[in-house]
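Welcome! Open the model in your viewer, keep the selection box handy, and take the stops below one at a time.

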Amino acid sequence: MSPTSPSPASPAAPSPTSAPLLDVRDLAITYHGARGDIPAVRGVNLTLQPGDTLGIAGESGCGKSSLALALLRLLPAGTTVEGQIRIDDEDVLDMSWGRLRALRWAGASIVFQGAMHALNPVHRIGRQIAEPILLHEKVSEAEANQRVDELLTQVGLPTWRARSYPHELSGGQRQRIMIAMALACSPRLIIADEATTALDVMIQAQVLELLGTLVAERGIALLMISHDLSVLSANCRRLAVMYAGQVVELGPAGKVFTDPLHPYSGALASAFPSVGDPAARGRPRGLGGDPPDPAALPSGCPFHPRCPVVLPECASTPVPLRAAGPDRVAACLRVESTADATRSTP
Ligand SMILES: Nc1ncnc2c1ncn2[C@@H]1O[C@H](COP(=O)(O)OP(=O)(O)OP(=O)(O)O)[C@@H](O)[C@H]1O
């Protein structure tokens, strides 16, 4: 399977009656730096059901990682976080440190690119994977070691690797260890922030397939963050596109990728045309300019200085998300609105 071929995650829609596992409302994140306030995330609303998959796409600096870190309260101290984050109906921003520690392994876990550098160089791999299992679950050492073997097999590594030290593994193998650790306590939500980007194409496909299987068979919710819209569209049911800290489009992944409503989504999709997709041919390639400095955002629609179909009013009119059909929202004046969707999270 190629990284962009559909995994078991793509087609399945979760039960619409279940309560959201993740509920993010009006999330705003502001860093306070030497240059002043940096509004990295502005008014983001997202929901994710158990067994569902949501991709978050956008160029570097649009706020994807800030959003991911906020979900488990991992942002640097002093960062202002406003709005609401609920996981399993618990208020993450308001929970005790003890509850948060439990949530971080057993409730939700995060894997990010470069997380492999977080491995302890002096401990064997097996011990590091077993540690959270022993800490959070009432299991014997033998049972934990058995789980370590299963996890290593799941991420495509031989079980004898449990006896290796991190320096004996390649970067890709270490990243797979981080994914095994994220899965160790069977979390209900996995946040994968560019988790497979550094892996070679075969291993990437294998890990994506594993994540898809966990979603389909165990009802795990997956929030997958990447700059690569094609990988997200193949592995997620829904897709949110972020620009300058805001969600500018959200809808079924296939539709956002092949029939984007927001010109920014279109430009992003054309940067990653799927092989053999006739609809991808003839689309504009690439996008001029750079994303705006969050500390000095343009007026109106923040995308207007780069927009290929800009209207005169785009420079002065802020554009909230508007519904464009039952399951899609987009923040563009050119999108024919079917209803107000400021709070909509289809
Ligand atoms: N600790 C921090 N202090 C100040 N500003 C920060 C900090 N972390 C991120 N930022 C700024 O916040 C904005 C959003 O960054 P973020 O890392 O969330 O974006 P991203 O979309 O994940 O980018 P990338 O794909 O490159 O990781 C950027 O302008 C970034 O410079």
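## First stop: a strand pair

Select valine 24 and look across to leucine 46 in S2, which stands opposite. Helices (H or I, at least four residues) and strands (E, at least two) are DSSP runs here, numbered from the N terminus. Before going further, a word on what you are viewing: this is a predicted model, in which local features need pLDDT of at least 70 and side-chain atom pairs count only at pLDDT 80 or more, while totals for chains, interfaces and linings use all residues. Residues are numbered from 1 along each chain as its sequence is written.

Now select S1 and S2 whole. The two pair in the antiparallel sense over nine bridges; strands count as paired if DSSP finds at least two bridges between them. Add S4 and S5, and you have an open sheet of four strands in the order S2-S1-S4-S5, with antiparallel pairing. S2 and strand S5 (90–91) stand at the edges with a single partner strand each, so one side of each has no neighbour in the sheet.

Stay on S1 and pick aspartate 26, which is found in this strand. Its phi is near 50°, a positive value in a residue other than glycine. Most residues other than glycine have a negative phi. Is aspartate 26 buried or exposed? It counts as partly exposed, because it has 13 C-beta neighbours inside 10 Å. The scale works like this: a residue is buried if 20 or more other C-beta atoms lie within 10 Å of its own, exposed if 12 or fewer, and partly exposed in between, with C-beta atoms placed from the backbone.

## Second stop: around the ligand

Select the ligand and the residues near it, meaning those whose C-beta atom, placed from the backbone, lies within 6 Å. Of the 15 residues around the ligand, Tyr31, Ala40, Ser60, Ser65 and Ser66 come nearest. Strand S1 (22–33), strand S2 (36–48) and helix H1 (64–71) each supply at least two residues of this shell. Which element gives the most? That is H1, with three residues.

Try colouring the shell by residue class: six of its residues are nonpolar, eight polar and one charged. In this scheme Ala, Val, Leu, Ile, Met, Phe, Trp, Tyr, Cys and Pro count as nonpolar, Asp, Glu, Lys and Arg as charged, and the others, Gly among them, as polar.

## Third stop: an enclosed strand

Next, select strand S8 (residues 221–226). Six of its six residues are buried, so S8 is largely enclosed by the rest of the structure. In a regular strand the side chains alternate between the two faces of the sheet. Both faces of S8 are covered, with Ala221, Leu223 and Ile225 buried on one side and Leu222, Met224 and Ser226 buried on the other.

Show the partners too. Strand S3 (residues 53–57) pairs with S8 in the parallel sense over five bridges, and leucine 54 has leucine 223 in S8 as its bridge partner. S7 and S8 also pair in the parallel sense over five bridges; here leucine 189 stands opposite alanine 221 in S8.

## Fourth stop: helix H5

Select residues 171–183, helix H5. It is mostly covered, as 10 of its 13 residues are buried; among them are Arg174, Ile177, Met181 and Leu183. The buried residues of H5 pack against strand S6 (108–112), helix H3 (125–136), helix H4 (141–154), strand S7 (189–193) and helix H6 (201–218).

Follow the chain into the loop between H5 and S7 to find serine 186. Phi of serine 186 is near 50°, again a positive value in a residue other than glycine. With 15 C-beta neighbours inside 10 Å, serine 186 counts as partly exposed.

## Last stop: the whole protein

Zoom out. The protein has nine helices and 13 strands, and buried residues make up 44% of its 346 residues.

Finally, colour by pLDDT, the predictor's confidence in each residue, from 0 to 100. The mean is 85, and 87% of the residues reach 70 or more. Among the elements, strand S4 (residues 80–87) has the highest mean pLDDT (97) and strand S13 (residues 339–340) the lowest (51). Two stretches to select are residues 275–284, where pLDDT stays under 50, and residues 340–344, where pLDDT also stays under 50. Where pLDDT is low, the predicted coordinates should not be read in detail.

Conventions:
Two residues are in contact if their C-beta atoms, placed from the backbone, lie within 7 Å.
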